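Please look over the sequence and the model below before reading on. The briefing after them goes through selected strands, helices and ring contacts.

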Amino acid sequence: MSRTRIAILGGGYVGLYTALTLMRKAKDKVDITVIDRRPYMTYAPFLPEVGAASIAPRNAVVPLRRELEGARILQGKIERIDHASRIVEATTDLGEVMEVEYDEVVVALGAVSRTLPIPGLAEFGIGFKYVEEAIALRNRVLGRIARAATTDDTELRRKLLTFVFVGGGFAGVEAFSETEDMAKASLRYYPELTADDFNFVMVEAAPRILPEMGPEMGAYTVEELERRGMRVLLETRLESCIDGAIALSNGERFEADTVVWTAGVKPSPVIQSSDLPLGPRGHVNTAATLQVIGEDGQPIGGAWAAGDCAQVPNLVEGEGDWCAPSAQHAVRQAKHLGANIARSLDGRPLEQYKHKHLGVVASLGLGKGVATTMGFKLRGWPAWLMHRTYHLLAIPTFNRKARVALDWTAAAFFRRDLVSLGRLHDPRRAFEEAARS
């Protein structure tokens with residue numbers, strides 16, 4: 001009996017969990033190929049703690065080859081989806097072109113940063129979607145602190161210690177809070193500096209931050225951040241950041257040496273050039289069964305999608321027409337998708353995806369947080385504890401749960417390592433300098 005060839009495009013939440021579910025429910029009936037540019041799944045909720053040196057970077061990722069033993073893992077960038085021909089084209093980092101034929105395709109490409117044509121942003125800004133970006137932010141912040149401590153130039157010091165974060169969603173608020181917490185913790189090693197030397201600025205175009213938590217918790221978070229000396233500028237846009245010259249829509253002008261962009265995401269651009277039908281927001285259009293559907297609402301044979309790149313109907317009353325782009329939905333959709341493919345292979349009826357959001361949690365630094373869950377609102381230490389507990393349970397595999405728990409346990413007895421690996425981005429520099437001398 002021939003196996004069904006299943007191509008899973010993307011190795012994030014949806015890709016990993018769909019593959020795991022299929023390997024458990026239909027292992028003898030499928031040949032699974034997972035294609036992703038990175039050989040690991042990134043657990044995005046832990047990126048702020050990676051950036052703040054609270055978690056080792058390797059413990060925030062899940063290696064695909066280790067967890068998907070028996071599946072075929074291809075490391076490459078998806079370039080083209082030709083569903084009519086059942087072919088996916090990808091390129092490796094070496095420029096080689098791969099063509100993968102399939103019977104069923106799972107579009108799990110997720111989302112990319114949604115940038116705007118702001119002068120200087122592409123050249124000067126830093127994103128915050130991947131573990132390498134979190135590492136780069138940690139190195140940059142600690143490196144700027146070290147440089148500021150060695151200069152007597154007041155203006156240069158001010159620029160080095162000004163950190164601008166654009167976007168007040170979960171990623172932005174957590175990165176902003178955790179980074180500031182780390183920066184202040186580093187002051188014990190820099191007697192030349194004080195907390196007043198830091199200038200942390202958040203720029204948000206909307207009238208509030210953390211909109212998913214409601215106005216009350218958003219207002220509390222602003223108060224908490226401003227109490228710590230951070231600035232939150234609401235209804236304000238970044239207009240330019242050429243070479244660190246910050247221009248805001250409220251008329252403010254100042255110099256900064258770090259700009260972090262967390263102002264939203266958009267579906268992977270690959271799907272725009274595919275032959276799969278898209279919804280009005282540019283996502284792959286799906287039914288509640290997670291089958292890709294056409295304009296007539298009928299399923300497109302052999303095509304499935306879920307996660308941030310898919311427009312999935314929300315069947316829970318009062319939570320909007322479409323499922324929100326969250327890790328909570330992505331993980332559950334992936335498991336449901338894998339189970340539906342297994343049902344399809346067995347000729348059984350498919351089931352619709354329906355999940356009521358359990359709530360949301362956000363960390364604001366060590367021992368500080370906000371949470372809303374099942375009608376309860378928590379602040380401070382209880383919310384922070386809930387944040388850690390929830391994400392420790394949610395990160396895939398026992399291996400990673402244990403490693404993260406060990407990181408946190410060690411941090412309870414020893415101070416976190418606040419050292420910038422400043423040459424990590426340019427490892428050959430010292431060797432080249434030695435060769436020229």
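Which residue takes a positive phi just after α9? That residue is G347, with a phi of about 75°. The model is predicted. The points below start with two helices, α9 and α10, and then turn to strands β6, β7 and β8. After those come strands β11, β12 and β13 and the aromatic rings.

**Helices α9 and α10**

- Helix α9 covers residues 327–346. At 1.5 Å a residue its 20 residues should span 28 Å, and its end C-alpha atoms are 29 Å apart, which agrees.
- Of the 20 residues of α9, 14 are buried, so the helix is largely enclosed by the rest of the structure.
- Helix α10 covers residues 381–394. Its 14 residues should span 20 Å at 1.5 Å a residue, and the end C-alpha atoms of α10 are 20 Å apart, which agrees.
- The buried residues of α10 include A383, W384, H387, R388 and H391. These residues cover an arc of only 135° around the axis, which puts them on the same side of α10.
- W381 and L393 are exposed, on the other side of α10.

**Strands β6, β7 and β8**

- Strand β7 (residues 87–91) is mostly covered, with 5 of its 5 residues buried.
- The cover is on both faces of β7: I87, E89 and T91 are buried on one side, and V88 and A90 are buried on the other.
- Strand β6 (residues 77–82) runs antiparallel to β7, and 5 bridges join the two. In this pairing, K77 stands opposite T91 of β7.
- The hairpin of β6 and β7 has 4 residues between the strands, and R86 in this hairpin takes a positive phi near 60°.
- Strand β7 also runs antiparallel to β8, again joined by 5 bridges. E89 has E99 in β8 as its bridge partner.
- The hairpin of β7 and β8 has 5 residues between the strands, and here G95 takes a positive phi near 90°.
- V100 has its place in strand β8, which covers residues 97–101. Buried means under 20% relative accessible area. At 6% relative accessibility, V100 therefore counts as buried.
- V100 and T33 are 67 residues apart along the chain, and their C-alpha atoms are separated by 8.6 Å.

**Strands β11, β12 and β13**

- In β12, 5 of the 5 residues are buried, so this strand is largely enclosed by the rest of the structure.
- Both faces of β12 are covered, with N199, V201 and V203 buried on one side and F200 and M202 buried on the other.
- Strands β11 and β12 run parallel and are joined by 5 bridges. T162 stands opposite N199 in β12.
- Helix α7 (residues 170–185) makes a right-handed β-α-β unit with β11 and β12.
- Strand β13 (residues 231–233) pairs with β12 in the parallel sense over 3 bridges. In β13, R231 stands opposite V201.
- From β12 the chain crosses through helix α8 (residues 214–227) to β13, and this β-α-β crossover is right-handed.

**Aromatic rings**

- A search of the whole structure finds 8 aromatic pairs.
- One of them is the tilted pair of F163 and F200, at 4.9 Å centre to centre with 35° between the planes. F163 lies in strand β11 (residues 162–166) and F200 in strand β12 (residues 199–203), so the pair ties together parts that are 37 residues apart in sequence.
- F163 and F200 are both buried.
- F165 and F200 form a stacked pair, at 6.5 Å centre to centre with 25° between the planes. This pair also links distant parts of the chain, as F165 in β11 and F200 in β12 are 35 residues apart.
- F165 is buried, as is F200.
- Ring pairs link F163, F165, F176, F198 and F200 into a cluster.

**Charges over a ring**

- The ring of Y130 has the charged end of R38 over it, 3.7 Å from its centre.
- K129 lies over the face of Y130, at 5.9 Å from the ring centre.

Methods: Residues numbered from 1 in each chain as written. Predicted model: local features only at pLDDT ≥ 70, side-chain atom pairs only at ≥ 80, totals over all residues. Heavy atoms only, no water. Phe/Tyr/Trp six-rings, centres within 6.5 Å; stacked < 30°, edge-to-face > 60°. Buried < 20%, exposed > 50% of the residue type's maximum accessible area, 1.4 Å probe, protein only. Lys NZ or Arg CZ within 6 Å of the ring centre and 35° of its normal. Pairing = 2+ DSSP bridges. Right-handed = clockwise from strand over helix to strand, strands pointing away. Expected span 1.5 Å × (residues − 1). Arc of directions from axis to C-beta.
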